[in-house]
Amino acid sequence: MSELKGLVYKSTGSWYIVRDEHGKIWNARVKGKMKIDDNISSTNPIAVGDKVICDIEEGEEGIATIKTIAERNNYIVRVSPHNKNQKHIVAANLDAALVVATIAEPRTSQGFIDRFLITAEAYHIPAIIVINKIDLLKPKHQEQLEHWQKMYGDASYEIFPVVALQPESIAALANRLKGITTLFSGHSGVGKSTLINQLIPGVELRTQEVSGWSGKGQHTTTFAEMFDIPGSGKIIDTPGVKEFGLIDFEKEELAQYFPEMRRVMQGCKFNNCLHINEPDCAVKEAVNNETISIDRYVSYMSIMDTIEKKW
Ligand SMILES: Nc1nc2c(ncn2[C@@H]2O[C@H](COP(=O)(O)OP(=O)(O)O)[C@@H](O)[C@H]2O)c(=O)[nH]1
Ligand SMILES: [Mg+2]
Ligand SMILES: [Zn+2]
């Protein structure tokens with residue numbers, strides 16, 4: 001039996017779309033029990049972005065059986081849509097994780113962005129922030145944009161203000177995404193599909209599929225899908241994924257996932273400092289002298305409050 005090496009582009013439950021090294025598309029499935037060394041007990045054995053080796057089924061054109069999956073460089077999980085106690089791998093082998101946010105129509109909260117950034121930090125995946133729809137900004141929104149640019153810039157994040165429909169405004173972002181595999185996420189309505197359609201002409205994702213909050217009650221278990229950027233690079237779209245579940249971590253670890261805190265916290269008097277009310281705290285000192293943004297610190301504190309609740 002001959003075999004093929006490929007990359008998983010889409011998972012639709014028990015079948016996977018795999019593209020082999022020559023660009024050919026295969027429908028692949030897993031047969032029997034496959035031994036997978038993931039210690040996260042996920043509901044899905046294989047995820048978009050996985051590198052796999054398959055047996056080619058004889059007599060069945062385009063059908064293959066996945067037999068091994070290569071070790072993952074990284075992966076990102078969320079709580080399983082079917083079972084709160086189980087995890088679902090959204091995607092594997094990412095070079096970057098990108099969040100599309102908007103200041104107006106709709107407004108994305110800083111809390112949402114910060115939780116996304118923490119998740120990316122926890123998985124050691126570089127994060128990219130895109131602020132879309134800047135054509136709609138009124139003066140007070142403009143101030144908010146400048147504030148976020150400084151705040152996230154100081155924290156060492158890349159932030160791209162764009163208008164998804166204007167090719168010149170997305171040129172710098174397109175350049176950044178060249179040659180890498182990037183996971184896209186963001187609330188519905190922020191222009192994620194519009195942006196992907198601009199970056200990948202011809203992909204023609206449906207836009208405006210959810211208006212306002214009407215999608216809330218619907219059972220939308222859509223699956224992640226990977227697309228090739230012309231030239232080089234890949235985008236993984238995650239329609240219907242509201243938020244990535246954080247891995248469990250201790251209160252003591254939270255500050256490590258804020259790069260601007262991570263940089264100063266070795267100056268704290270206590271090495272188990274939570275940076276709340278301890279004396280001689282380098283993080284609080286940085287907040288006081290405005291090297292660390294007060295808004296990021298507030299975010300830190302409110303996420304700290306939720307840690308026991310295991311969000
Ligand atoms: N004014 C403006 N509207 C945009 C922009 N990007 C997307 N939209 C509109 O926002 C709505 C939602 O876009 P869509 O791509 O479906 O959002 P998604 O839910 O994040 O995939 C659509 O009506 C788009 O035309 C933008 O940069 N400026
Ligand atoms: Mg969309
Ligand atoms: Zn401290």
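Which domains does the domain assignment of the protein chain give? In this predicted model, select residues 3-78 together with 83-89 for domain 1, residues 94-237 for domain 2, and residues 251-309 for domain 3. With domain 1 and domain 3 displayed, note that their centres, taken over C-alpha atoms, lie 40 Å apart.

Select next ligand 1 and the shell around it, which consists of 18 residues. Gly191, Lys192, Ser193, Thr194 and Thr207 are the closest of these. Helix H4, residues 192-199, supplies three residues, the largest share of the shell. Colouring the shell around ligand 1 by class shows nine polar, six nonpolar and three charged residues.

Proceed to helix H2, residues 139-154, and pick out Leu145 within it. Is Leu145 buried or exposed? Leu145 counts as partly exposed because it has 16 C-beta neighbours inside 10 Å, whereas a buried residue would need 20 or more. Beyond its neighbours within four places in sequence, Leu145 is in contact with Ile103, Ile131, Ile134, Leu137 and Pro161. For a long view across the model, add Gly49: Leu145 and Gly49 are 96 residues apart in sequence, and their C-alpha atoms are 33 Å apart in space.

The last selection is the largest nonpolar core, a set of 71 residues. Val18, Ala47, Ile76, Val90, Ala91, Ile129 and Val130 have the most contacts inside this core. Centre the view on Ile76 and display the residues that Ile76 touches, leaving out those up to four places away in sequence: Val90, Ala91, Leu94, Ala97, Thr119, Tyr123, Ile125, Leu183 and Phe244. In soluble globular proteins, nonpolar side chains tend to be buried together.

Note on methods:
Residues are numbered from 1 along each chain as its sequence is written. Chains are lettered from A and ligands numbered from 1 in the order in which they are written. This is a predicted model: local features need pLDDT of at least 70, side-chain atom pairs count only at pLDDT 80 or more; totals for chains, interfaces and linings use all residues. Domain bounds come from an automatic or database domain assignment. A residue is near a molecule or strand if its C-beta atom, placed from the backbone, lies within 6 Å of it. Helices (H or I, at least four residues) and strands (E, at least two) are DSSP runs, numbered from the N terminus. Ala, Val, Leu, Ile, Met, Phe, Trp, Tyr, Cys and Pro count as nonpolar, Asp, Glu, Lys and Arg as charged, and the others, Gly among them, as polar. A residue is buried if 20 or more other C-beta atoms lie within 10 Å of its own, exposed if 12 or fewer, and partly exposed in between; C-beta atoms are placed from the backbone. Two residues are in contact if their C-beta atoms, placed from the backbone, lie within 7 Å. A nonpolar core is a set of buried Ala, Val, Leu, Ile, Met, Phe, Trp, Tyr and Cys residues joined through C-beta atoms within 7 Å.
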